[in-house]
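Visitor: I'd like to go through some charged pairs with you. Can you show me the model and explain the labels as we go?

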Amino acid sequence: MIETNQNIVPHLWFDKEANEAADFYASIFPESRIRNVTTLQETPSGNSDLVSFELWGQEFMAINAGPYFKFNPSVSFMVHFDPSQEKDASNMLDKVWNKLSKGGTVLMPLDKYPFSEKYGWIQDKYGLSWQLILTNPEVEKRSKVVPSFMFVNDQCGRAEEAMHFYLSVFKNSKQGSITRYPQSMESAKEATIMYSDFMIENQWFIAMDSSKDHKFNFIEAISFMVKCDTQDEIDYYWEKLSAVPESEQCGWLKDKYGMSWQIVPREKDEMMSDNSTQEQIARVTQATLKMKKLNLKELQKAYKG
């Protein structure tokens, strides 16, 4: 498996479509590829494929783990098409939109908006949400693919608080832009965030509020893997982020906003790669299933057998 410098990796939970979906996304976005496929044996969902892939420089992980969670638009991925970097940015956006539209659902039509010459929000055939935007090359450049959190229902109005919380927890962090809803907008709560972005661990994220009546919230379908170099780092993030004790399992936790994170040792990438034997992968999988917070020494012991 090829290492990247990315410390926070979006993790997508599929029923059985992870391999197919990863191939589909890699065929749509520029500079994209499947990095690794590992089969985890004897998990609670039976044998599960773990697929590592890259989309336009953004690393993702996907798993086939059963029909327990369905994607919803509370977490989406904003894709920036920048005319200053891509000479054919507008046409590229159209092509990606057309491919994602097949079997999908339009959440905001592809059109001109006050904030962009061309923008649209689409839920693809697997249920994953994408915001495609023709960006303004005059502002500071952002990553091509940026995870976006939408705070809805009971969490509406907490986007700014959450942004500052994440900035305080993670290293290599800074606040980006922030735009509030104008008071004239009927459906918007006063002072809530229409759009904000922030950098943690040198990666951009977006946070926004929506006071509309949404039938969804943050769930485990999309979580974020935080790669740690030491047990001290694992302990630090676990203590700072975990706010729902009953959600702690196999390195997973939920924070006070309902967002799911996985706090994992970076070394586990190599343990679960095709450089390892099926026996090593099986031992690490079984050891992981018995843990809440991951114990690096115990995982190393399981790997060595």
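Guide: Sure. One cut-off to start: buried means under 20% relative accessible area, exposed means over 50%, and partly exposed is what lies in between. Bear in mind that this is a predicted model.

Visitor: Why is Asp229 called partly exposed?

Guide: Its relative accessibility is 49%. Partly exposed is the class between 20% and 50%, so Asp229 counts as partly exposed.

Visitor: And what makes Arg266 count as buried or exposed?

Guide: Arg266 comes in at 17%, and under 20% is buried, so Arg266 counts as buried.

Visitor: How do you know that Arg266 and Asp229 meet in a salt bridge?

Guide: The N to O distance is 2.9 Å, and the rule asks for a Lys or Arg side-chain nitrogen within 4 Å of an Asp or Glu carboxyl oxygen. So the pair fits the rule. Arg266 sits in the loop between strand E15 and helix H5, Asp229 in the loop between E13 and helix H4, so the salt bridge ties together parts 37 residues apart in sequence.

Visitor: Why is the pair Lys227 and Glu59 called a salt bridge?

Guide: The closest N and O atoms are 3.1 Å apart, and the cut-off is within 4 Å, so the pair qualifies. Lys227 is in strand E13 and Glu59 in strand E4, so parts 168 residues apart in sequence are tied together.

Visitor: What makes Lys227 buried?

Guide: Lys227 has a relative accessible area of 4%, and buried means under 20%, so the label fits. Glu59, at 1%, counts as buried too.

Terms used
Residues numbered from 1 in each chain as written. Predicted model: local features only at pLDDT ≥ 70, side-chain atom pairs only at ≥ 80, totals over all residues. Heavy atoms only, no water. Helix = DSSP H or I, 4+ residues; strand = E, 2+ residues; numbered from the N terminus. Buried < 20%, exposed > 50% of the residue type's maximum accessible area, 1.4 Å probe, protein only.
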